[in-house]
Amino acid sequence: MTDHRSPDARFRTSLLEENDGPATNPTENRTMGEIIAERFSRRAFLKGSLAVSAIAATVSPLALVAADDARAAEGSAFSFDELEAGIDDKHHVAPGYDADVLLRWGDPLFADSPEFDPARQSAEAQARQFGYNNDYVGYIGIDGSAEHGLLVVNHEYTNPHLMFPGIVKIVEKDGKKAAELTPLSKEQVDVEMAAHGGTIVEIRKEGGKWQVVRDGKLNRRITSNTEMALSGPVAGHDRVKTNADPSGTKVVGTFNNCAGGVTPWGTYVMAEENIHGYFSGELPEGHKEAANYKRLGIPEGAYEWGAHYDRFDLAKEPNEPNRFGWIVEVDVNDPTSTPRKRTAMGRFKHEGAESIVAKDGRVVFYLGDDERFEYVYKFVTAGRFDPDDRAANMNLLDDGTLHVAKFAADGTVDWLPIVFGQGPLTAENGFAGQADVLIETRRAADLLGATKMDRPEDIQPNRVNGKVYVMLTNNSKRKADQVDAANPRADNAFGHIIEISEDGGDFAGTRGKWEVLLKCGDPAVADVGATFSTATTANGWFGMPDNCAVDSAGRLWVATDGQGPKATGRTDGLWAVDTEGPARATSKLFFRVPIGAEMCGPLFAPDDQTAFVAVQHPGDGGEDWEAFGRPSYYEDPSTRWPDFKPDMPVRPAVVAITKQGGGKIAI
């Protein structure tokens, strides 16, 4: 393990978020790339050769491209003037729109919250202020309003080198500047812990602009120290009992909350993702959890919490990691309620939990496991949603069936139930019951033969067209010998998007069909193999799809993570992607972030008149160092977005985008 204080290493929390460590999936299960190769090497040869012959006989290629451009332009569902791609220290939005900073790291959330003072941070102050590295953004209307409601925001992780003054030392190495990070004090670790978790805050639109209601009675911060309950099949199991909690039912805190969701009954769900980075130390020799933790990369030790708190030290609390990696549900209507970790939904590196009500009233949640060669899941509740009785829905997530996807080369997908006693999920394979299956969800999926995917992130069901969109960010670890010669996506640096159609339009079903909507990357580079429509401009293509949103009109919006000076020559941003008709696979750039930032969210208000986006870790990233010729850290960041004041550090923030003069976005 590389010493994260070494001048040879980049800051470890940044590497943790990028998830670019060695793959931990040891199986021979087929990869999505192999399946795509098998499917399209046959079909594309037949259709492509016939199409080329027909084209050659009737029309020139240039005329065909022009015709495609015209059809796509006429059929697009989006009407805005495209933004120019690029890289600088500011954010930019398409002409005719305003992008206003709504909430920044450290902003007060309560009437008695202290103002943000970056030079004198404390855990007590941070627990009353907006947290760090905003990721998922959700909206729950108050009395059904699209202009007055609760904004719910995840705070995924912290970047101490951008948060705290005086902890980075710059050294010269081989003629280049490098950075050494000094150990954090207990007080600084406490600030980090308070900056994780989530925010629930009342907001209101006044005069066309959104405002935070600081005295909102439902405002709440959830942190790494908030008491939570384990519920569902794993609650009380021996593998989640600790010295501090011999009952195995009470957990302190949540962290690395990436994407999430809002349930049909109006609760907020937070997905625990890269939990491995918070644990350090070594398990006792021969401990039974060794293989389980190895499968999740535990311990990784990017954070120094274990130096100050026993629960993050495996030698002292070997069961503690089993209490993380779950979906957390929060009742936003009661700021004193205990958040519940819903163990029936499985334990892995959860990216999100977007949901939809199936035809029979059961609720379906789509779940990505955000790591290279991991899997796509969905959870189907046993009970049915009652739109007239919120209380009756409050424990739906404790009982249901988790499934994992197996994609076939014939374009079908099977959802395999992850249920103890079925198939290989038996005592002979080390499972004593459903609790063991859920604690080791990845191993259960391995045994079922699920398809190894290229870093599954956000998965969005579309209520309008009945499709499901799977964001696959990238897989730089896939080698050429894992795919055949017809597959252009070995070393899949730019990712792709899968579109699923569940059979009969039944989201709760166990079988469907799949298509590749987009292979991402620069279509001007033949070796990349991108498949954007020919109407997509030089500004419109993107790589590394991560989060996404479907607005009320059923239109797809895609946010990216990982673009930069070296990867694409542009920052991350938000792209509008056509999914229907002649414009299918056409993409247009709508918003872009400052250098070093990732585009998170996005979220559309119920009336589609506001797009909320989360600008995460601005000023971070190794590529920024090379682009600017120096490291980026608290005293000398690559940007001071969004305040641009010499006494203020760079600050992650949520931005509200509205149309000048009012109206729906992109219509």
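Which residues does L367 touch, not counting residues up to four places away in sequence? Let me start there. This is a predicted model, by the way, so keep that in mind throughout. L367 touches I327, M345, F348, H350, G352, A353, Y375, V376, Y377, F379, L402 and I459, leaving aside anything up to four places away in sequence.

L367 turns up again when you look at the cores. The largest nonpolar core has 71 residues, and those touching the most other members are F365, L367, Y377, V404 and I418. There's another core lying apart from it, with 26 residues, including A576, F591, V655 and A666.

Okay, strands around that region. Strand 17, residues 362–368, runs antiparallel to strand 19, residues 376–384, and six bridges join them. If you want a register marker, F365 stands opposite F379 in strand 19. Strand 19 also pairs with strand 20, residues 400–407, again in the antiparallel sense, over five bridges. There the marker is V380, which stands opposite T401 in strand 20.

Now, aromatics. A pair of aromatic rings is described by the distance of the centres and the angle of the planes. Searching the whole structure gives 29 aromatic pairs. Take F255 and F312: their centres are 5.9 Å apart with 55° between the planes, a tilted pair. And where do they sit? F255 is in the loop between strand 11 (250–252) and strand 12 (257–262), while F312 is in the loop between helix 7 (290–295) and strand 14 (327–330), so the pair ties together parts that are 57 residues apart in sequence. F255 and F312 are both buried.

Then there's Y303 with W305. Their ring centres are 5.5 Å apart and the planes are at 55°, so this pair counts as tilted. Y303 and W305 are buried too. Put the ring pairs together and you get a cluster that links F255, Y278, F279, Y303, W305, F312 and F324.

What about L184, buried or exposed? L184 is buried, because its relative accessible area is 7% and the cut-off for buried is under 20%. You'll find L184 in the loop between strand 6 (176–181) and helix 6 (186–195). The C-alpha atoms of L184 and Y303 are separated by 9.4 Å, with the two residues 119 apart along the chain. As for contacts, L184 touches P160, F164, I167, V189, E192, E304 and H308, again not counting residues up to four places away in sequence.

Next, the backbone oddities. Most residues other than glycine have a negative phi, and most peptide bonds are trans. So here are the exceptions I'd like to show. N256 isn't a glycine, yet its phi is positive, about 50°. N256 lies in the loop between strand 11 and strand 12, and N256 is buried, with a relative accessible area of 1%.

F644 is another non-glycine with a positive phi, about 55°. F644 lies in the loop between helix 10 (622–628) and strand 33 (653–659). How accessible is F644? F644 is partly exposed, at a relative accessible area of 38%.

On to the cis peptides. The bond from I298 to P299 is cis, with omega near 0°, and P299 is in the loop between helix 7 and strand 14. G601 and P602 are also joined by a cis peptide bond, with omega about -20°. P602 belongs to strand 31, residues 598–604.

F644 brings me to charges over rings. K90 lies over the face of F644, 5.4 Å from the ring centre. For K588, the charged end sits over the ring of F80, at 4.3 Å from its centre.

Last stop, a sheet. Five strands make an open sheet, in the order 1-30-29-28-27, with antiparallel pairing. Which are the edge strands? Strand 1 (92–93) and strand 27 (545–550), each pairing on one side only. Strand 27 is joined by four bridges to strand 28, residues 556–560, and the two run antiparallel. For the register there, A549 has W557 in strand 28 as its bridge partner.

That's my tour; happy to pull any of these up on screen.

Terms used. Residues are numbered from 1 along each chain as its sequence is written. This is a predicted model: local features need pLDDT of at least 70, side-chain atom pairs count only at pLDDT 80 or more; totals for chains, interfaces and linings use all residues. Side-chain values use heavy atoms; hydrogens and water are left out. Rings of Phe, Tyr and Trp (its six-membered ring) pair if their centres lie within 6.5 Å; planes under 30 degrees apart count as stacked, over 60 as edge-to-face and the rest as tilted. Buried means under 20% relative accessible area, exposed over 50%, partly exposed in between (1.4 Å probe, protein chains only). A charge sits over a ring if NZ of Lys or CZ of Arg is within 6 Å of the ring centre and within 35 degrees of the ring normal. Two strands pair if DSSP finds at least two bridges between them. Contact means heavy atoms within 4.5 Å. A nonpolar core is a set of buried Ala, Val, Leu, Ile, Met, Phe, Trp, Tyr and Cys residues joined through side-chain atoms within 4.5 Å.
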